[in-house]
Amino acid sequence: MSRRNELTGSAHISSERPPGFVLHERRKGLLRRSVDSVLQCESVPLTKLAERYGTPLYIYSATTIRERFAAFDNAFRNVPHTICYSVKANSNLSILRLLARQGCGFDVVSGGELERVLAVDRRAARKIVFSGVGKSREEMTAALKAGILLFNVESESELWTLAECAARLHKIARIALRVNPDVAADTHPYISTGLRKHKFGVPISIARTLYAKASATRYLKVAGVSVHIGSQITDVAPFAETVARVADLVRALRADGHQVVFVDTGGGLGIDYQKAGPNFADYVANYARAVTNPLRGLNLHLLLEPGRAIVGPAGVLLTSVLYRKQNDGKKFLIVDAAMNDLIRPALYGAHHEIVPVVQGDVQSEVRREVQREARSKNLPVKKEIVDVVGPICESGDFFARDRELPRTEEGDLLAILDVGAYGMVLASNYNTRPRPAEVLVSGKSVKVIRRRETVRELYSSEL
Ligand code: LLP
């Protein structure tokens, strides 16, 4: 993923941005001469969480999620809107519940995600939009029975399949066609979706014809237009250009006699993986202007499907350094998390900031010893260039390459930042590794929201 488009790090751990992940000073020793800084999630030191729950461990800040949702919602306060959090970013039930309690809706892309949302709150159905290029009959039927708000349909064949499912149930499916606006977005090619060559949506040029066909079916109710151009997009210009094209389509469709009530502009707003991003409220307000300006005067209900922007910076992956190793002068930190726990670096070349959980001069006996020795030899000890890698048998199993990090020792804890979105949801059991546990922190309270898998569970469905 291009570095330009990636965000964050150090400010997450600066005390300027409470109450997510902050460094907290801890004085040590009787004379209190040495000071360590310990990374906390809200009021809980990550060292405590490692002791109690082990590593690797996903840790989320509930307050960060609530605040980011509120900022997003507030940015659109001047227009009728519903935020439909994109469940694929992080689908843990506790996180869905937390968002549902804030009045959030949901964007689902499978029967599985639909079931998760309904398990959390059946009444959330009326705020669910269903996207995806390959919905099955079973999935459509489940969504119709639940009474979801809107199907974002991505092909003509899907229209007829949906009509058939609706007819069987004597129901009417509210639909939007997902149009492909042919707008380029500066992001990783795997997560760019709005170009003609991509599998997503229907070409905007044929949308009117398809809407005419859809409205001739009594089991389909044309209700809106949807679009999604990709993910991790930090420049708002492509969003504005896309929505301008959608606005033209809305006008044309209304002239054709359709009742277009909803415009769903999808998700895709990026975060800053490199450094502290701009103030989130300002950033999202700028995005809101880009999205709402082209729709002015159209009297629509806006649907938004953010995922990463809400939960991305709210999570870290806590890992322990297992071994230090040096091959031909190249240094490796081998940690106990691996690409199966967090695949973004391997899959997209994504950058995630990595910070030692305990920072300062005195982290451990070992470090004191190393520092004494280094000082006696006149060696610099503070920083070194390392690859941070996992135990999996692939060279793609890395979290950082040639990264400058403060020197860490075996047994030290590292936090991989900004993994709240597309972290745990993409985890696998490759190498028969149980997936990490997840905890949700709110102030001083800690809740285990997924217990660690056991190896036995991994093979219990096999013969
Ligand atoms: N709506 C639709 C139709 C989508 O396909 C997506 C993401 C979203 C909303 C939410 O996008 P967000 O606001 O989170 O950018 N695994 C990749 C990201 C894949 C995104 C897929 N679709 C990653 O780790 O970067």
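**Exercise 1. Find out which ligand atom lies 3.4 Å from a polar side-chain atom of Asp-107, then look for other polar partners.**

Step 1. Start at Asp-107 in this predicted model. One of its polar side-chain atoms is 3.4 Å away from a ligand nitrogen.

Step 2. Hop over to His-228. Here a polar side-chain atom also sits 3.4 Å from the ligand, but the partner is an oxygen atom.

Step 3. Now try Tyr-348. An N or O atom of its side chain is 2.7 Å from a nitrogen atom of the ligand. To count as a polar contact, such a pair has to be within 3.5 Å, and the 2.7 Å pair at Tyr-348 makes the cut.

Step 4. Check the cover. On its own the ligand has 580 Å² of accessible area, and the protein covers 90% of that.

**Exercise 2. Describe the shell around the ligand and work out where the ligand lies relative to domain 1 and domain 2.**

Step 1. Count the neighbours: the ligand is surrounded by 18 residues, and Tyr-348 is among the closest, along with Ser-231, Glu-305, Arg-344 and Tyr-422.

Step 2. Sort that shell by class. You get seven polar, six charged and five nonpolar residues.

Step 3. Bring in the domains. Domain 1 covers 5-60 + 314-459 and domain 2 covers 62-312; each gives residues to the shell, so the ligand lies between them.

Step 4. Match this with the pockets: the ligand takes up the space of the largest pocket.

**Exercise 3. Search the whole structure for cavities of 30 Å³ or more and describe what turns up.**

Step 1. The search gives one cavity of that size. The largest cavity holds about 40 Å³ of space.

Step 2. Look at its lining, which includes Val-227, His-228, Ile-229 and Phe-239. You've met His-228 already, with its polar atom 3.4 Å from a ligand oxygen.

Step 3. Class the lining residues: four are nonpolar, four are polar and none is charged.

Methods:
Residues numbered from 1 in each chain as written. Predicted model: local features only at pLDDT ≥ 70, side-chain atom pairs only at ≥ 80, totals over all residues. Heavy atoms only, no water. Near = heavy atom within 4 Å. Polar contact = N/O pair within 3.5 Å; in protein donor to acceptor, adjacent residues only side chain to side chain. Areas by Shrake-Rupley, 256 points an atom, 1.4 Å probe, with all protein chains shown as cover. 1 Å grid on protein atoms, 1.4 Å probe; cavity = no way out; pocket = protein on both sides within 12 Å on 5 of 7 lines; lining within 4 Å. Sits in = over half its atoms within 2 Å of the grid points. Nonpolar A, V, L, I, M, F, W, Y, C, P; charged D, E, K, R; others polar. Domains from an automatic or database assignment. Points joined across faces, edges and corners; volume = space filled by probe spheres on them.
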